[in-house]
Amino acid sequence: MKTILTTGSNGLLGQKLTEKILAEGRVKLVATSKGLNRYPVKEGYEYAEMDILDAKQVKYIIEKYQPDAIIHTAAMTNVDTCEANKELCHQLNVDAVQTLISICEEKNIQFIHLSTDFVFDGADGPYQEDDPVNPVSYYGESKVLAEELIKDSKANWAVLRTILVYGITSDMSRSNIVLWAKGALEKASPINVVNDQWRMPTLAEDLAEACLLAVEKKANGIYHISGKDYMSIADLVRKVADYWGLDKTCMNEISSASLNQTAKRPVKTGFVLDKAIKDLGYDPHSFEEGLKILDRQMKG
């Protein structure tokens, strides 16, 4: 049985990977993250504290556990924070990747890296894997730089690009679009929602499954992994309102420009999923099914 080491195991995707691996037993797991383990179940896998910026510690942990594959989920993903603190963004999203690739090359470890739709400018989505990248934010730029390092490496690698991941875990460090929308609509106070950005939101469970499929199928190259439904952010919030029977009249539709965000966002992303479906057997849930899964988890 293969041993997989995950980075960022305290994050949403990291916790969903732990949950899936423990439930299905397809692989052995070494979960790593900065700080203490926030996943509620502590048995059935190894946990190691690992700061991806500490190259010596990273090398020590990987040599200690000798994984067959690394699923690298840790990253700085707040788009505006990345724009405001480019140096730290570069360290976390580019330098840390270089550290991991070097070790994977040396030890012949499969490397699965998570990337983003923000590598595209959003002028012409949905995108295929080989469409030219053209990021409009430093976050997107940092992910392009990481992808280039990976492509130039001698490692066995796969890059999984994804879009707007949503889901729930017992110990969340940050919210996501669906939880934000539900929470805001439940308060029934006015909320501003952009109506000029289009995405394909991704259920965290689907992304976790894609990561495991990439390991199992020895995937090589870039893969687009998202939900199957294409919608504007305003439509997404309306769907959340409809699902939970919440009042949509408090929604105030606005343009992206009026938000004055530090970083630019691509307008229309979205992915063509054919390659992942064909090569990996990827089979994402619809947005409606994703909300149903979320609802069930919230009720516990």
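A residue counts as buried under 20% relative accessible area, as exposed over 50%, and as partly exposed in between. The exercises below apply this and related criteria to a predicted model.

**Exercise 1. Classify K59 and E63, and state what joins their side chains.**

Solution.
Step 1. K59 has 30% relative accessibility, so K59 counts as partly exposed.
Step 2. The relative accessible area of E63 is 34%, so E63 is also partly exposed.
Step 3. A salt bridge requires a side-chain nitrogen of Lys or Arg within 4 Å of a carboxyl oxygen of Asp or Glu. The side chains of E63 and K59 form such a bridge, at 3.0 Å from N to O.
Step 4. Both residues belong to helix α2 and are four residues apart, about one turn of the helix.

**Exercise 2. Determine which helices are linked by the salt bridge between K107 and E63.**

Solution.
Step 1. In the salt bridge of K107 with E63, the closest N and O atoms are 3.2 Å apart.
Step 2. K107 lies in helix α4 and E63 in helix α2; with their positions 44 residues apart, the pair links distant parts of the chain.
Step 3. K107 is partly exposed, because its relative accessibility is 36%.

**Exercise 3. Compare the expected span of helix α4 with the distance between its end C-alpha atoms, then describe its bend and its packing.**

Solution.
Step 1. Helix α4 comprises the 22 residues 86-107, which at 1.5 Å a residue should span 32 Å.
Step 2. The end C-alpha atoms are 31 Å apart, which agrees with the expected span.
Step 3. The helix nevertheless has a kink of about 30 degrees, centred on L92.
Step 4. L92 is also among the buried residues of α4, as are C89, N93 and C104.
Step 5. The buried residues of α4 pack against the strands β1, β4 and β5 and the helices α2, α3 and α5.
Step 6. After α4 comes N108, which has a positive phi, near 55 degrees.

**Exercise 4. Place the salt bridge between E216 and R26 in the chain and in its network.**

Solution.
Step 1. The structure holds 21 salt bridges. In one of them the side chains of E216 and R26 meet at 2.8 Å, N to O.
Step 2. E216 is in helix α7 (residues 204-216), whereas R26 is in the loop between α1 and β2; the two are 190 residues apart.
Step 3. With relative accessibility of 36%, E216 is partly exposed. R26, at 27%, is partly exposed as well.
Step 4. Salt bridges link E216 and R26 with K20, E24 and E209 in a network.

**Exercise 5. Give the strand order of the seven-stranded sheet, identify its edges, and state how two helices pack on it.**

Solution.
Step 1. The sheet is open, its pairing is parallel, and its order is β3-β2-β1-β4-β5-β6-β11.
Step 2. β3 (46-49) and β11 (221-224) each have a single partner strand, so they stand at the edges and one side of each is left without a neighbour in the sheet.
Step 3. Ignoring direction, neighbouring strands are turned by 20 degrees against each other on average.
Step 4. At the β3 edge, four bridges join β2 to β3, and S33 stands opposite E49 in β3.
Step 5. Helix α1 packs on the sheet, touching β1, β2, β4 and β5, and its direction makes about 160 degrees with that of β2.
Step 6. Helix α5 also packs on the sheet, in contact with β5, β6 and β11; its direction makes about 155 degrees with that of β5.

How values were computed
Residues are numbered from 1 along each chain as its sequence is written. This is a predicted model: local features need pLDDT of at least 70, side-chain atom pairs count only at pLDDT 80 or more; totals for chains, interfaces and linings use all residues. Side-chain values use heavy atoms; hydrogens and water are left out. The expected span of a helix is 1.5 Å times one less than its number of residues. The bend at a residue is the angle between axes fitted to the seven residues ending there and the seven starting there. Buried means under 20% relative accessible area, exposed over 50%, partly exposed in between (1.4 Å probe, protein chains only). Contact means heavy atoms within 4.5 Å. Two strands pair if DSSP finds at least two bridges between them. Axes are lines fitted to C-alpha atoms, for helices over the stretch in contact, and angles run from 0 to 180 degrees between N-to-C directions.
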